[in-house]
Amino acid sequence: MSLRAPLAKVLNHGAAHDGVNHWWVQRVTALALAPLVIWLLWQLLSLPDANYLTVTAWIRYSWNAVLLSFVVLLASWHGWLGLQMVIEDYEHRFRCPRSRCWCYPRSCTRCWRRAGSMPCCASHCGASHERL
Amino acid sequence: MAERPLSPFTKMFGEGGYRWAYTNTLSILHRAAGVALIFALLGLVVWLISASFGAASYAAFLPLLTSLPARIVMSMAVIALTFHFFNGLRHLAWDVGWGFERSAARRSAALVVAGTFIVSAFCIYCIFAHGAGTR
């Protein structure tokens, strides 16, 4: 028998454990990237040419290296979080082999049989269990 | 099994789904542009790495960078970037509670599209005008 209070069991035990942190970091990196992106576009478009000496001189010049590494790091972080969210949103879906529609297997209300490793969806595509 | 009404997640659009509005398109394009920008970031990093390896490796990379297909890819990346930038500002405004009303959301959507057109057109002009004589 556990003597832990119910609240202690629940706290910090959400589905993903760090959803709020994910949300905040995505916003903060977005806010930081907004001026950095303007700076980067302005700098890249005002380079006189793309030759080696021009480009390396630009990277070397005072704050450019710092801001450039901020852009790369923050954009990687922001992109990581965004891509993670996209994958998490679509990974449950699968393509119905009959009607070629995208389905959410867990929301299927009529059909419980699995087609191969995937559950089939009959609720809106009309494919029968047998044919799947 | 009882036929209960479901929120429209079995089918996004059409009968029983959400009604299409052009704000939907902007929402999905925001994601598509974001995923595309990851590849643009990879391109930027490849460019920086090739410069860090010295003049010889950069000289080998430069014709690829200034070729017409590369300029077209860069233009597409700029469109994705400006769109994701403007629409991202819209999302940040929503996060602090501004502009949630339907009319405001539609107005800001139109502003995003207009801003994307104007800024990316200017940037694409610069991309193709850049070093046009040296090509």
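Contact here means heavy atoms within 4.5 Å. The structure is a predicted model. In this model, A:W58 touches A:W39, A:L40, A:Q43, A:L44, A:L47, A:N64, A:L68 and B:W47, leaving aside residues up to four places away in sequence.

A:W58 also belongs to the largest nonpolar core, which has 21 residues. Within this core, A:L40, A:W58, B:L44, B:W47 and B:Y58 have the most contacts. Chain A gives two or more residues from each of α2 (19-45), α3 (52-60) and α4 (64-90). Chain B does so from α1 (22-52) and α2. Another core lies apart from this one. It has seven residues, including B:L26, B:L37, B:F83 and B:V112.

Helix α3 of chain B covers residues 68-95. Its 28 residues should span 40 Å at 1.5 Å a residue. The end C-alpha atoms are 40 Å apart, so the expected and modelled spans agree. Just after α3(B), B:G97 takes a positive phi of about 90 degrees.

B:S120 sits in helix α4 (residues 102-129) of chain B. The relative accessible area of B:S120 is 6%; buried means under 20%, so B:S120 is buried. Not counting residues up to four places away in sequence, B:S120 touches B:V78, B:I79, B:T82 and B:G115.

The model scores ipTM 0.85 and pTM 0.76. Chain B has a mean pLDDT of 87, and 83% of its residues reach 70 or more. In chain B, confidence is highest in α3(B), at 96. It is lowest in helix α2 (residues 55-65), at a mean of 91. Where pLDDT is low, the predicted coordinates should not be read in detail.

Terms used. Residues are numbered from 1 along each chain as its sequence is written. Chains are lettered from A and ligands numbered from 1 in the order in which they are written. This is a predicted model: local features need pLDDT of at least 70, side-chain atom pairs count only at pLDDT 80 or more; totals for chains, interfaces and linings use all residues. Side-chain values use heavy atoms; hydrogens and water are left out. Helices (H or I, at least four residues) and strands (E, at least two) are DSSP runs, numbered from the N terminus. Buried means under 20% relative accessible area, exposed over 50%, partly exposed in between (1.4 Å probe, protein chains only). The expected span of a helix is 1.5 Å times one less than its number of residues. pLDDT is the predictor's confidence in each residue, from 0 to 100. A nonpolar core is a set of buried Ala, Val, Leu, Ile, Met, Phe, Trp, Tyr and Cys residues joined through side-chain atoms within 4.5 Å.
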